[in-house]
Amino acid sequence: MNKILCCVALLLVAATGWTQKIVVSGYVRDSITGESLLGANISITAEGRGTTTNAYGYFAIQAPKQQYQVVVSFVGYETKTIKVDANGTAQLVVLLVPKAFTQDNVTVTTRRKESNVKSAQMGKIELNINTIKQLPAIFGEVDILKTLQLLPGVRNAGEGNAGFYVRGGGPDQNLIILDDAVVYNPGHLFGFFSVFNADAIKNVSLIKGGMPAQYGGRLSSVVDITMKDGNLNKTQVDAGIGLIASRLSVQGPIKKQKSSYMLSLRRTYIDALVTPFIKPDNQFYGSGYYFYDANAKMNFIVSEKDRIYVSGYFGRDVFTFNNAERSFSTRIPWGNSTGTVRWNHVYNKRLFSNVSLIYNDYNFEFQGRQNDFRVRLASGIRDLSAKVDFDYFATPEHKVKWGAQYTFHTFLPNSTSGTQDSTVFNPTTTNKKFANEYAIYIQDDWDVSKKLKVNVGLRATAFQQVGRYKHTILDANGNIVDSVLYGRGQTVRTYGGLEPRITARYQLPNNNSIKAAVTRNLQYIHLVTNAGTTLPTDLWVPSTIRVRPQISWQYAAGYFQNFKDNMFEASVEVYYKTMDNQIEYREGYTQGLRDPELDFVFGKGWSYGAEFLVNKVKGRLTGWVGYTLSWTKRRFPDLNNGEVFPSRFDRRHDLSVVGNYALNSKWRLSGVFVYGTGNAISLPERFYFVGGVLTQETSRINAYRMRAYHRLDFSAIYTPQGKKKRKYEANWVFSIYNAYSRLNPFFYYFSQEGNPATGNIQVQGKQVSLFPIIPAVTYNVKF
């Protein structure tokens, strides 16, 4: 009883303190486009405390009951100071003016002041879209995911590839979301380009350690991408013509200051350029490849307290190959679709909510024909989701967030059909699976004292596999002996658990801080692959009776320092991560008609390492140097004789050097150098003849490594400056990918030369490389 009375007394004291103050709230927006600015800094000069805007540009902060000043700042914008009367109760709308570059004084800022040392969040990096657009890219195509690969702790999946691994995790362990919708396959051209068109993107943030409780369902990282809302003030057109693709984006007001739209389109045109030069009698006539994607968004300011967003993405890759000589043809389409409807509502100055309805899917299809034989393979995943999130600005010391989410999953891991003359093969069992996923969470961003700040949260999740489902029972030799059928909606298996998350920052003198984080994550859906990247043929599968959820614990600590008046940011982070219930295919697996989960084997993994970063965020020259030293290992009882082996994601050394230089108002120069230890691979160790057939004996799993990977890229952006003001802005982007034409290995193979009958046969290992030096030119225009 005494404890209860003490708690009530404390609450009354806090409430009394709060009533002696007032709450100022509002939105921060771009003065030219009306775009909301997330992560803007707001401070009250008389209080010495501050806050930041949420994902929709909203803020609330305590102010004294007297005339006061609100100071609002954001990277790349002029700081604004507003005098507010204590009796004013209206919601503020703060419009920040973008900083302009002048010929005589070029100043660049790429990060919020002191955010590196003052934030409690660990392993979170926000990327500036303008910085991404300045970096050199393969074929001149700006790529968000390739820029993420330049950060410590993030490694690429291979030459030119948009796939990435974070702190030893697989590609499926990254939660990639676009306007709250999950994107399951983020790659075009078999993974060489990402599906994200930079012209349509407003903000990109990566969280690789200390994942907040609002995110879940993955073990390694979160990539949260937000599309532009659309210009509320005037129509704006952006277009670009590159080496392999063209882009067009249009945005503008539906009703000025009240509603807007954004539409962004992109398509490759190599197929259209090459087709006229291939004669109809050529055996490969009709072969080709292209991809396209579209981003669309509308937003409506319904009232001072309500705002509605409707957004979507649709993208497809189509690969066709014809060989008339062999009467063979194939067509492979695949792609993602997403749709999101969100409603923002302000209940009062301190309580903000967002409700989302989300649709997303990913589909892959293979269509093949040879003479009278036809075959079709398909796989995919589709989600229907609903979620609600609340932001509660409780006191100056507490910023609380809570919410809930429900998702209905439909999995199609494998579907095969075909015809041969008049024979039709169309099995009724398509291995389709269904599941419900639930989550609730609460987290508090708590300023314990001026030195200590803590973000503590708890996430509770459950995953329920439901019918229709056929559970196959195997004997000790893997043969099917029986099965159990579950009806529609009938519960097959339920998993669940708690996911505690805590990160803490302790402020030291002279712009230094130390941080630590402990997180537990559960992952209920899995990507199973025979390759090392997110290829379109990989399968997404749910947790079932046979497949258990992946579980990880990650422990991280770091030292952070800013120096030279916050011009430089430096950090050192160390981490250790365990991963249970990892999935691989059994040794010798080949794809067949039965449920692929019957060929899964299970084990555990762990990774540990250190990440070093020095980032220059102000001045003509900006950029960073990042280095990662890491180990990633796996152990599976049914693989490699049960012995520990390095994961395919294991890379001992990883170095990135990135620089951007604003030469003057016309020219901007950029350069990137990357170096990484070669990928771990298995190779044949012995060759011998069995019955006259050359046979090979393969090494232990990942016992060898490819040659080290390194590459140097350059780019230059030229922006013409006319004497007269023009109605449009234009620039030329000149880039060189792989400047010294390093032949990095893509894969190895072994060729056989000679005649075994005469005993002069030779087996020679050879390397396949993809990209030599590639120059590119892109023209961009905006009006």
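Where in the chain is confidence lowest, and where is it highest? In this predicted model, the lowest confidence falls in helix α1 (residues 2–19), with a mean pLDDT of 43, while strand β28 (residues 452–466) has the highest, at 95.

**Confidence along the chain**

Welcome to the structure! Across the chain the pLDDT averages 84, and 91% of the residues score at least 70. Two stretches deserve some care as you look around. Over residues 101–110 the pLDDT is below 50, and beyond near neighbours in sequence this stretch has 26 contacts in the model. Residues 531–535 also stay under 50, and here the model has 16 contacts beyond four places in sequence. Where pLDDT is low, the predicted coordinates should not be read in detail.

**Salt bridges**

With that in mind, let us turn to the charged side chains. The structure holds 29 salt bridges, and the table lists three pairs among them.

| Pair | Closest N and O atoms |
|---|---|
| Arg167 and Glu573 | 3.0 Å |
| Lys618 and Asp565 | 3.9 Å |
| Arg651 and Asp654 | 2.7 Å |

Begin with Arg167 and Glu573, whose closest N and O atoms are 3.0 Å apart. Arg167 lies in the loop between β10 (164–166) and β11 (174–178), and Glu573 belongs to strand β36 (residues 568–585), so this salt bridge ties together parts that are 406 residues apart in sequence. How much of each partner is accessible? Arg167 has a relative accessibility of 2%, so this residue counts as buried. Glu573 is buried too, with a relative accessible area of 6%.

Next comes the salt bridge between Lys618 and Asp565, with the closest N and O atoms 3.9 Å apart. This pair also links distant parts of the chain: Lys618 sits in the loop between β37 (600–616) and β38 (621–635), Asp565 in the loop between β35 (550–563) and β36, and 53 residues separate the two. Here the surroundings are more open to view: Lys618 is partly exposed, at 26% relative accessible area, and Asp565 is exposed, at 58%.

In the last pair of the table, Arg651 bridges to Asp654 with the closest N and O atoms 2.7 Å apart. Are these two residues buried or exposed? Both Arg651 and Asp654 are buried.

Salt bridges can also share partners. In this model, such sharing joins Glu35, Asp179, Lys202, Asp229, Lys297 and Arg342 into one network.

Key:
Residues numbered from 1 in each chain as written. Predicted model: local features only at pLDDT ≥ 70, side-chain atom pairs only at ≥ 80, totals over all residues. Heavy atoms only, no water. Salt bridge = Lys/Arg side-chain N within 4 Å of Asp/Glu carboxyl O. Helix = DSSP H or I, 4+ residues; strand = E, 2+ residues; numbered from the N terminus. Buried < 20%, exposed > 50% of the residue type's maximum accessible area, 1.4 Å probe, protein only. pLDDT = per-residue confidence, 0-100. Contact = heavy atoms within 4.5 Å.
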